[in-house]
Each structure stands twice: as structure tokens, then as C-alpha cells.
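Biologist: Before accepting any label attached to a structure, I should like to hear the grounds for it. Please set each value against its criterion.

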Amino acid sequence: MVDIHSHILPGIDDGSRSMEETVEMLRVAREHGTTTIVASPHADTQYHYDPEHVDALIASATLLAGPGIEIVRGCDFHLMFDNLERALRFPERYTINGRCYLLMELSDLTIFSNTSALWSQLEEAGMKIILTHPERNPLLRQRFEQVEEWVSQGRYMQVTAQSLLGLFGQKALDFARLLLDRGLVHFIASDAHDTKGRPPRLDLAHRWVAERYSPRLADLLCIEHPKAAVEGRPLDLSGFPPAVAARKSGLLARLLRR
Ligand SMILES: [Fe+2]
């Protein structure tokens with residue numbers, strides 16, 4: 001499996017606190033079936049994001065972790081002016097593996113009315129938006145139609161693995177299920193911060209989706225889409241439930257009638 005969102009690198013955000021913990025997190029990930037993991041430290045007002053420093057930490061962690069797991073760079077991009085300006089100039093410093101997908105986190109407190117317009121600027125510069133854990137955002141949980149519209153506009157949704165296990169509460173689980181029911185989830189990622197409370201594991205969420213939806217969807221969300229994001233390829237959306245395609249074409253038809 002491929003995990004596109006994690007805080008496995010030491011000392012640069014609220015994730016791993018030491019290289020020992022990093023190596024242990026990588027061991028947990030590898031033991032539970034993850035073969036590639038994106039180290040995506042926060043880039044926000046609290047934590048400074050420095051891609052060169054991240055690359056150096058990845059090189060050290062790769063050596064210490066040994067074979068069987070690959071680490072690539074990404075970042076947990078907070079939508080703020082400084083980040084936006086820099087990402088427009090140097091997209092590859094922020095995107096997953098320097099390709100085209102950008103992990104985007106929205107504030108729990110405010111969602112700017114010009115969010116979509118700001119994303120369009122990033123998209124015009126070649127980036128594709130992956131919104132991280134909408135199910136954990138109390139504002140977005142009140143705005144299902146907004147999420148649906150964003151998806152119809154080509155934005156992607158990443159749900160946290162532990163949300164599906166109920167570990168972020170009933171509301172997050174219910175919203176994640178609603179999004180899955182409507183075919184609005186494209187990725188599952190761990191958003192790991194440590195080895196136990198928030199571990200780098202996708203296996204349980206993969207099984208959860210395989211049992212409740214289908215093995216094919218579980219593979220798409222935990223393997224194929226994340227792999228495509230790391231490699232900078234388009235996602236295969238043909239495997240999504242037919243009901244979703246119908247909803248999308250219904251939406252498209254409404255838009256075209258306008
Ligand atoms: Fe994160």
C-alpha cells in the first residue's frame with residue numbers, strides 16, 4: 001500500500017519526536033503492508049516547512065530504516081498567503097514527490113469564501129488538489145454539497161484511515177461513510193503522528209472498506225490512487241460505483257443546462 005500523508009520525520013512538526021521514533025514508525029508501516037510513505041510535514045504558521053531539510057531527513061531515515069519501504073517528500077499544505085505565493089512559483093517544492101498532487105488542509109475555524117478561486121490558481125500552475133480529511137473538519141461536515149461540488153470540479157478527497165475505525169469520533173465516521181457512499185473519497189491515508197495513538201497503518205482501513213464496500217474500492221483508495229499520486233499520473237475513476245457516475249453526470253447535465 002502507499003500512504004500519501006504522514007508526519008514521520010523527527011523534530012519538524014507535531015509528529016515523530018526523534019529519529020528512533022521515525023524508524024519505529026517506518027517499521028510499523030512496513031509490517032502492516034505499506035511499501036511507500038509520503039513524509040508530509042506541516043507547512044503552516046506554527047511549523048516552518050523547508051524542503052531541503054525534509055530531503056536530508058528522508059535520506060537519513062531511509063538509511064536507518066533499511067529496505068522494504070520507500071519515503072518520498074510531500075507537505076501538509078495549509079492554505080495561507082505565504083504558502084500560496086511560494087507554491088505558485090515552485091510547485092515541486094510542495095507537491096507529493098515533486099509531481100502534481102498537493103495535500104491541502106483547511107482550517108477548522110474558517111473556510112474562506114475564495115477557497116475555490118485560490119485552488120484554481122494552484123491548478124492553473126499545474127497542481128491537483130487533494131483535500132485532507134474533510135470528515136474531521138466540523139465546518140465541512142456541515143457542507144456536504146460544498147464537498148460534492150469540489151469533487152465535481154476535479155478536486156480529490158483524502159480520508160484518514162483511523163476515521164473509518166471510529167477513532168476520530170462518530171461524526172467523523174458518519175461523514176466519512178457518507179462521502180464513501182457517494183463515491184467522493186479518492187484516497188485513504190494514515191496522517192500518522194506516532195507509533196501507537198496515530199500509527200502509520202492502512203491495513204485496518206483497507207480491510208474495513210473491502211468488507212463494507214468492495215475489495216476493488218479498497219485497493220483503489222489505498223494502493224492504486226496513492227501510487228498514481230506519487231508518480232504524478234491521473235487517477236482511475238472508472239472503478240467507482242455506477243451510482244456516482246450517474247450523480248456526476250446528473251450534476252454535469254445541470255451545469256450544462258445553466
Ligand atoms: Fe497531517
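The dialogue below takes up the sheets, the helices and several single residues in turn.

Modeller: Please bear in mind throughout that this is a predicted model.

Biologist: What makes β1 and β2 paired strands?

Modeller: Two strands pair if at least two bridges are found between them. Strand β1 (residues 2-6) and strand β2 (residues 36-39) share three bridges, in the parallel sense, so the criterion of at least two is met. Asp3 stands opposite Ile37 in β2. Four bridges join β2 to strand β4 (residues 70-73), again in parallel, and there Ala39 stands opposite Arg73.

Biologist: Why are β1 and β4 said to stand at the edges?

Modeller: The open sheet has three strands in the order β1-β2-β4, with parallel pairing. β1 and β4 each have a single partner strand, so one side of each is left without a neighbour in the sheet. The twist averages 25° from one strand to the next.

Biologist: Which helices are associated with these strands, starting with the one that makes a β-α-β unit with β1 and β2?

Modeller: That is helix α1 (residues 19-31), and the unit it makes with β1 and β2 is right-handed. The term right-handed applies because, with the strands pointing away from the viewer, the path from the first strand over the helix to the second runs clockwise. Helix α2 (residues 51-65), in turn, lies across β2 and β4 and runs at about 180° to β4.

Biologist: What is the strand order of the six-stranded open sheet?

Modeller: The order is β3-β5-β6-β7-β8-β9, and the pairing is parallel. Its edge strands are β3 (42-43) and β9, each of which pairs on one side only.

Biologist: How do you know that β3 pairs with β5?

Modeller: β3 and strand β5 (residues 76-78) are joined by two bridges in the parallel sense. The criterion asks for at least two, so the pair qualifies. His42 stands opposite Asp76 in β5.

Biologist: Why is Lys128 called buried?

Modeller: A residue is buried if 20 or more other C-beta atoms lie within 10 Å of its own. Lys128 has 21 such neighbours and therefore counts as buried. Lys128 is found in strand β7, and beyond residues up to four places away in sequence it touches Cys100, Tyr101, Leu102, Glu123 and Tyr156. Leu102 is 26 residues from Lys128 along the chain, yet their C-alpha atoms are separated by 6.0 Å.

Biologist: How should Asn97 be classed, and what makes its phi notable?

Modeller: A residue with 12 or fewer neighbours is exposed, one with 20 or more is buried, and one in between is partly exposed. Asn97 has 18 other C-beta atoms within 10 Å, so it is partly exposed. Its phi is near 55°, a positive value in a residue other than glycine. Asn97 lies in the loop between α3 (81-89) and β6 (101-105).

Biologist: Is Asp191 buried or exposed?

Modeller: Asp191 has 26 C-beta neighbours inside 10 Å and therefore counts as buried. Asp191 is found in the loop between β9 (187-189) and α9, and has a positive phi of about 50° although it is not a glycine.

Biologist: How do you know that the buried residues of α6 lie on the same side of the helix?

Modeller: In helix α6 (residues 144-152), the buried residues are Val147, Trp150 and Val151. They cover an arc of only 100° around the axis, which puts them on the same side of α6. An α-helix has 3.6 residues a turn, so residues three or four places apart point the same way. The buried residues of α6 pack against β7 (128-132), α5 (138-141), β8 (156-160) and α8 (170-181). After α6 comes Gly154, with a positive phi near 95°.

Biologist: At what angle do α9 and α10 cross, and which residues make the contact?

Modeller: The axes of helix α9 (residues 203-212) and helix α10 (residues 215-231) come within 7 Å and cross at roughly 145°. The contact is made by Ala205, His206, Val209 and Ala210 of α9 with Pro215, Leu217, Ala218, Leu221 and Cys222 of α10. The crossing is right-handed. Helix α10 also lies across β6, β7 and β9, running at about 95° to β9.

Notes
Residues numbered from 1 in each chain as written. Predicted model: local features only at pLDDT ≥ 70, side-chain atom pairs only at ≥ 80, totals over all residues. Arc of directions from axis to C-beta. Contact = placed C-beta atoms within 7 Å. Axes fitted to C-alpha atoms, helices over the stretch in contact; angles between N-to-C directions. Left-handed = near helix turned anticlockwise from the far one by under 90°.
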